[in-house]
Amino acid sequence: TALPISRASSLVMKSSIFILFSCLALFGIVCATKNVLYIVIDDLRPGLGAYDQHEIITPNIDSFAKESLVFERAYCQQAVCGPSRNSFLTGRRPDTTKAWNFKDHFREPEIGLNWTSIPQYFKNHGYFSSGVGKLYHPKLPPNFDPPSWSDLDRFPYFSPSPHGCTNDTFSCSLPRNGTYFADVNLTESIRERLAYAAQVKQPFFLGIGFHKPHLPWRFPEEFLRLYPPVEQ
C-alpha cells in the first residue's frame, strides 16, 4: 500500500516534497512498519499537469499525483532555500530555527544543537536512515547534518555538485550518456541504499534531494523535441 504526499506552495516556491510510504514487498522487506522515501525537488513550482498547468510536460508526476494526497494550499517557510530546509526537516518555523539566510542553521549552540530532525527521529526508532543530494542546503547544517543519518561509514552522505553549462547561458542540452546529470547519479545511489535496506531487512527512511529544476538547466538533448522553438 502506498500513500504518497506531495507538497506545493504558491507559484513562487523553493522546493517540492514528495513522501512515499510503502512496504515495498518486492524488495523482500518485512511490512510490519512502513518505509519512507522522502523526495525533495529544488525550485519546482506547481506548474504541473496535476495543478491544471499544461505548459510543461510532466506525465510521471501527474500519474503519481492521481494516486496521491495533493495539497493545494501550502506555503514555503522562507523565500530562500536554506532556511526553508532547516524548517521542514525539523518541523519548526524559521522564527524558532533562527535561520533566515544562507549563514545560520538550527544546529548552532543555544538554538537546536540537541533537536531531533525528521530523518534522525526515524533513525532513533530503528530505521535505516540515509540521504543523498540536496536535502539540507550545503553547509546548513555542516556536512549535511551527520546526526540525521545511519551508518555513514558504509554510506557516506552523497551529494555531487551539479555541473554548469559549457557556454555562458543558464541552459544547455547534452547527450544522455555519460555522467552529465547529477540527479541521475543520485538516483543510482538511492538504489544502492534500497538494496542494502532489503538485505538487512530493516525499515528505512531514505531521502533524496534532486537539484533540478534549479539553475543551470542541463537536460537531455532529446527533450528539445518536446518543446519546439516559438517564433518571435
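A: Before any residue is read, one word needs its meaning: a residue is buried when its relative accessible area is under 20%, exposed when it is over 50%, and partly exposed in between. The structure above is a predicted model, and every reading below applies to that model.

Q: How many helices and strands does the protein have, and in what order do the elements run from the N terminus?

A: The protein has five helices and eight strands. Starting at the N terminus, the elements follow one another as β-β-β-α-β-α-α-α-β-β-α-β-β.

Q: What is the mean pLDDT of the protein, and which of its elements have the lowest and the highest values?

A: The general idea comes first: where pLDDT is low, the predicted coordinates should not be read in detail. Here the mean pLDDT of the protein is 84, and 83% of the residues reach 70 or more. Among the elements, strand 1 (residues 5–7) has the lowest mean pLDDT, 40, while helix 4 (residues 118–124) has the highest, 97.

Q: Over which residues does pLDDT stay under 50, and how many contacts does the model have there?

A: Residues 1–13 keep a pLDDT under 50, and for them the model has 54 contacts beyond four places in sequence. A further stretch, residues 24–30, also has pLDDT below 50, and the model gives this stretch 14 contacts beyond near neighbours in sequence.

Q: What share of the residues is buried, and what does the accessible surface of the protein come to?

A: The protein has 232 residues, and buried residues make up 44% of them. Its accessible surface comes to about 13300 Å², and carbon and sulfur atoms account for 57% of that area. Contacts can also be read by separation along the chain: of those between residues at least 6 apart in sequence, 63% join residues at least 24 apart.

Q: Is helix 2 mostly covered or mostly uncovered, and which of its residues are buried?

A: Helix 2 (residues 81–88) is mostly covered, since eight of its eight residues fall under the 20% cut-off for buried. The buried residues are Cys-81, Gly-82, Pro-83, Ser-84, Arg-85, Asn-86, Ser-87 and Phe-88.

Q: Where does Ala-65 lie, is this residue buried or exposed, and which residues does it touch?

A: Ala-65 belongs to helix 1 (residues 59–66). Its relative accessible area is 15%, and because that value is under 20%, Ala-65 counts as buried. Leaving aside residues up to four places away in sequence, Ala-65 touches Ala-50 and Val-70. Tyr-51 stands 14 residues from Ala-65 in sequence, with 9.4 Å between the two C-alpha atoms.

Q: How many aromatic pairs does the structure hold, and how are Phe-122 and Tyr-127 arranged?

A: The structure holds eleven aromatic pairs. In one of them, Phe-122 and Tyr-127 meet edge-to-face, with 5.0 Å from centre to centre and 75 degrees between the planes. The label edge-to-face applies because planes over 60 degrees apart are given that name. Phe-122 and Tyr-127 are both buried, and the two belong to one aromatic cluster with Tyr-38, Tyr-121 and Phe-205.

Q: Which residues form a nonpolar patch on the surface, and how much accessible area do they have together?

A: The patch is formed by Ile-56, Ile-57, Phe-223, Leu-226 and Tyr-227, which together have about 440 Å² of accessible area. Phe-223 is placed in the segment after strand 8 (217–220), and it counts as partly exposed because its relative accessibility is 36%, between the two cut-offs.

Q: Which peptide bonds are cis, and where do Pro-213 and Pro-216 lie?

A: One cis peptide bond joins Lys-212 and Pro-213, with omega about 15 degrees, and another runs from Leu-215 to Pro-216, with omega near -5 degrees. Pro-213 is in the loop between strand 7 (204–210) and strand 8, and Pro-216 lies in the loop between strand 7 and strand 8 as well.

Q: What is the phi of Asp-145 and of Asp-151, and is each one buried or partly exposed?

A: Asp-145 has a positive phi of about 60 degrees although it is not a glycine, and Asp-151, also not a glycine, has a positive phi of about 50 degrees. Asp-145 is in the loop between strand 5 (128–133) and strand 6 (171–174), and the loop between strand 5 and strand 6 is also the place of Asp-151. Asp-145 is buried, with a relative accessible area of 1%, whereas Asp-151 is partly exposed, with a relative accessible area of 32%.

Technical notes
Residues are numbered from 1 along each chain as its sequence is written. This is a predicted model: local features need pLDDT of at least 70, side-chain atom pairs count only at pLDDT 80 or more; totals for chains, interfaces and linings use all residues. Side-chain values use heavy atoms; hydrogens and water are left out. pLDDT is the predictor's confidence in each residue, from 0 to 100. Helices (H or I, at least four residues) and strands (E, at least two) are DSSP runs, numbered from the N terminus. Contact means heavy atoms within 4.5 Å. Patches are made of residues with over 30% relative accessible area and no salt bridge: like charges are joined within 9 Å, nonpolar side chains (Val, Leu, Ile, Met, Phe, Trp, Tyr) within 5 Å. Accessible areas come from the Shrake-Rupley method with a 1.4 Å probe; for residues, only the protein chains shown count as cover. A salt bridge is a side-chain nitrogen of Lys or Arg within 4 Å of a carboxyl oxygen of Asp or Glu. Buried means under 20% relative accessible area, exposed over 50%, partly exposed in between (1.4 Å probe, protein chains only). Rings of Phe, Tyr and Trp (its six-membered ring) pair if their centres lie within 6.5 Å; planes under 30 degrees apart count as stacked, over 60 as edge-to-face and the rest as tilted.
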